[in-house]
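Visitor: I would like to go through this model with you one question at a time, and I would ask that each answer give its reasoning before its result.

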Amino acid sequence: MQFLPLTNKMGYEFAIFNALIQFAIWGTFFSLNKFVQLSFFYKFSVFLIVFTIPILISLLGELIFGFCHFTFGLNYYILFVLPANILGFSVYEVINSIKIKLKAILFYFIFLLIISGIIVEIYFYPQIYFYNLIIGYFPGTIYDELIEIDLKLVLSRIIPLILGIIFIFIKRINCKNIIKLYFLLILLIGYFFIKPHIGLSTNKFVLIENLSNKNETKHFIVHFDSSIENDNVKRLSLLHEYYFYRISKILNFKPNKKIESFIYKDDIQKGKLFGSRAADVTKPWLYQIHLDVNSTERNLLHEIIHVFSAELGNGPLKLAGDYNPAIIEGFAMAIEELIEPKRNLDELAYLGLKHYNLSTRKLFNGFNFFTQNSSIGYILSGSFIKFLQKHYGNKELFKYYKTADLRNSYKLEPEKLFSKYFTYINNQNFKFNSYKAIYYFGYSPLINKKCARYIAYNINEINKLFKEKKYEKAAKESKLLYNESGNYAAYYGYLLSLIKLNKFLDAKNSLNNFISVTKNSNTYFTLKFIDTKLNIALSKKCPEFDTLLSYNLSESFNFEVYRLNEFFTKESDKINDYIFNETNFDVNRIKSDTLKFLFLDPKTLNAKYIIDKAESYILINKFYKQFNYERLSEEYFINGDYEYSKNLLKRSIDLNIDKVKQCLYFSKLQKINWFIENGNNKDKN
Ligand SMILES: [Zn+2]
């Protein structure tokens, strides 16, 4: 369903849609008596016509309306549709050569057999990607915009071609009808069982073989990639148990099975074995969670909550009533916030509602969740479910989760509930800040994006050029892509290439012309920050410092701005080096202790000494000092030094500036204390 808006132009979705149709169309020919009697050659011409017409129609559309790159989309079309069509044709030929009745029904039985492989793999196997003889390939979620045509994808499409040729060969052999049919079915079913061994599907055996480091705790079996270090294995396993303990306290129940957790070494490995490179995903019905180790810290709590909700869910997938995505995600977001209030859900929901004039009620209708950009969908549904939990308790919420029926669960008219929620949000006296609303929500959902696949492919190519330090070529390619598509990410690539080439003045001039275009998108603020850096590099001035802070986008954005300004005023001789080699800049080159303190991480030489020294005479704004302690506390926690992490967090709490933050600090303190009690605290450094 999410595909449909994209199926009218040449590209990936168009190819999937046509592959399905062009296989299925062969079944309809059995009812045309004249067609059945045609020679092989004539039927083959029909095959060519069916294959070519969509290309011509789409080309015509392209010429009139100008969509995406036609030839780019054509690659998917040929790769997906050609084998599907030939396979359909060959299955038709085999069945046609057998003397039985109900040929069409047999054809569609085989069609369903091939398609149902997808359901079996997604339901019973750990994977969410799939390769299919007819449809081709799906990477797991709609958030994976990049569909690379790699060797594996090409090989997976050669298989239906080969099968098609074999089937046509079978048709020509003189043997009993039933043997022909058996042979066809054996090949199709046999292929399904060979798939895990050639990397085209992932059963649990293959997955555990790849993620070979198993660690079993009280409530989890965690499978880690073997490259993940032992300290991290231990700490992340503890983190699983800590979150389990907190969730079960709030929800007052436990899943009735051990949860299996799979931790991949990076997004590439996750994409290959599980699917969904971009997002971490849970399979509640299998009690499984799948995470990239680099995002485990951020997403683990959320994913475990999804497994808990399996106990509340319905049907074979154990999901919310009507598979309502707003309820599923809202529930996880809400419980997550009750445990770790990392962001102020209600404030962000308020900003989104007001700036974009959204309706919470609409979001909870059917599958509307996917038509919003994902961040507003998650925030708003989370804030609403949290409101329900806080005002009416768990019992009603569980009922709502199961039935998706607000009226019945709360014995109130839905309008009444939504308007109560609206009042609740408006009565919290949040300050309206349209910059902040744009910063968090100012981008478009995939289905409204123009040529998302084409752009994702090219951005990926440009990133490769960046890695190879071919900046000239990257500048050229990204400018071309921007001119063609108007895509901001393409422009961003162009700007970064100019900076890498030390063409600061060119970058500045280009940015001056461009920046106002992005006013209503979150790219605007990234570009504003780069503009400030360019001003520093070119004129040794930082006039935008106050403007950037006045947007008041987020604590971490403000902190970055503040840090840059401190650097600029204290050690301006090194600032260009820092600005343009940020990732490789060595903090130990800085002389000022205050600056060192602001840029420090636990791996810096004498880190604790620098922190203590800075503490005694540091003269920085209390707000940033507090944030810096909080930031460092988190990093020491991740490093496994819980005592010191607690020490830093306490310093942050002592500064006691923002009342809203006390709640977050309390939850962090609770977590660290639990770790000190339950884990071995290692004193590092
Ligand atoms: Zn989720």
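Visitor: Is Asn-606 buried, partly exposed or exposed?

Guide: Please keep in mind that this is a predicted model. Asn-606 sits in the loop between α28 (593-599) and α29 (607-617), and its phi is near 55 degrees, a positive value in a residue other than glycine. A residue is called buried at 20 or more other C-beta atoms within 10 Å and exposed at 12 or fewer. Asn-606 has 13 such atoms within 10 Å, so it counts as partly exposed.

Visitor: And is Asn-252 buried or exposed?

Guide: Asn-252 belongs to the loop between α9 and β5, and its phi, near 65 degrees, is likewise a positive value in a residue other than glycine. Because Asn-252 has 10 other C-beta atoms within 10 Å, it is classed as exposed.

Visitor: How many residues of strand β5 are buried?

Guide: Strand β5 covers residues 259-264, and both of its faces can be examined in turn. On one side Ile-259, Ser-261 and Ile-263 are buried, and on the other side Glu-260, Phe-262 and Tyr-264 are buried as well. The strand is therefore described as mostly covered, by the criterion of 20 or more other C-beta atoms within 10 Å, and the number of its residues that are buried is six of six.

Visitor: Which residue in β5 is the bridge partner of Phe-224?

Guide: Strand β4 (residues 220-224) pairs with β5 in the parallel sense, over five bridges. Phe-220 of this pairing has Ile-259 as its bridge partner in β5, while for Phe-224 the partner in β5 is Ile-263.

Visitor: What is the handedness of the β-α-β crossover from β4 to β5?

Guide: The two strands pair in the parallel sense over five bridges. Between them the chain passes through helix α9 (residues 230-251), and the crossover made in this way is left-handed.

Visitor: On the β7 side of β5, which residue is the bridge partner of Phe-262?

Guide: Strand β7 (residues 288-292) and β5 pair in the parallel sense, again with five bridges listed for the pair. Within that pairing, the partner of Phe-262 in β7 is His-290.

Visitor: Which residue of β4 stands opposite Glu-216?

Guide: Strand β3 (residues 213-216) pairs with β4 in the antiparallel sense over four bridges, and a hairpin of three residues joins β3 to β4. Four of the five residues of β4 are buried, so this strand is largely enclosed by the rest of the structure. Opposite Glu-216, in β4, stands Ile-221.

Visitor: Which residues have the most contacts inside the largest nonpolar core?

Guide: The largest nonpolar core has 69 residues, and apart from it lies another core, of 32 residues, which includes Tyr-12, Ala-19, Trp-26 and Val-94. Leaving aside residues up to four places away in sequence, Ala-349 touches Ile-379, Leu-380, Ser-383 and Ile-425. Within the largest core, the residues with the most contacts are Ile-247, Ile-263, Ile-304, Phe-331 and Ala-349.

Visitor: What radius of gyration does the protein chain have, beside that of a compact globule?

Guide: The C-alpha trace of the protein chain spans about 95 × 60 × 50 Å along its principal axes, and 37% of the 685 residues count as buried. Of the contacts with a separation of 6 or more, 66% join residues 24 or more positions apart. For 685 residues a compact globule would have a radius of gyration near 26 Å, which agrees with the value for the protein chain, 29 Å.

Visitor: In which element is the confidence highest?

Guide: The protein chain, with 32 helices and seven strands, has a mean pLDDT of 90, and 95% of its residues reach 70 or more. Over residues 1-5 the pLDDT is below 50, and beyond near neighbours in sequence this stretch has eight contacts in the model; over residues 681-685 the pLDDT is also below 50, with 13 such contacts. Confidence is lowest in helix α2 (residues 33-37), at a mean of 76, and highest, at 98, in β4.

Terms used: Residues are numbered from 1 along each chain as its sequence is written. This is a predicted model: local features need pLDDT of at least 70, side-chain atom pairs count only at pLDDT 80 or more; totals for chains, interfaces and linings use all residues. Two strands pair if DSSP finds at least two bridges between them. A crossover is right-handed if, with the strands pointing away from the viewer, the path from the first strand over the helix to the second runs clockwise. pLDDT is the predictor's confidence in each residue, from 0 to 100. Two residues are in contact if their C-beta atoms, placed from the backbone, lie within 7 Å. The radius of gyration is taken over C-alpha atoms; the globule rule is 2.2 Å times the number of residues to the power 0.38. A nonpolar core is a set of buried Ala, Val, Leu, Ile, Met, Phe, Trp, Tyr and Cys residues joined through C-beta atoms within 7 Å.
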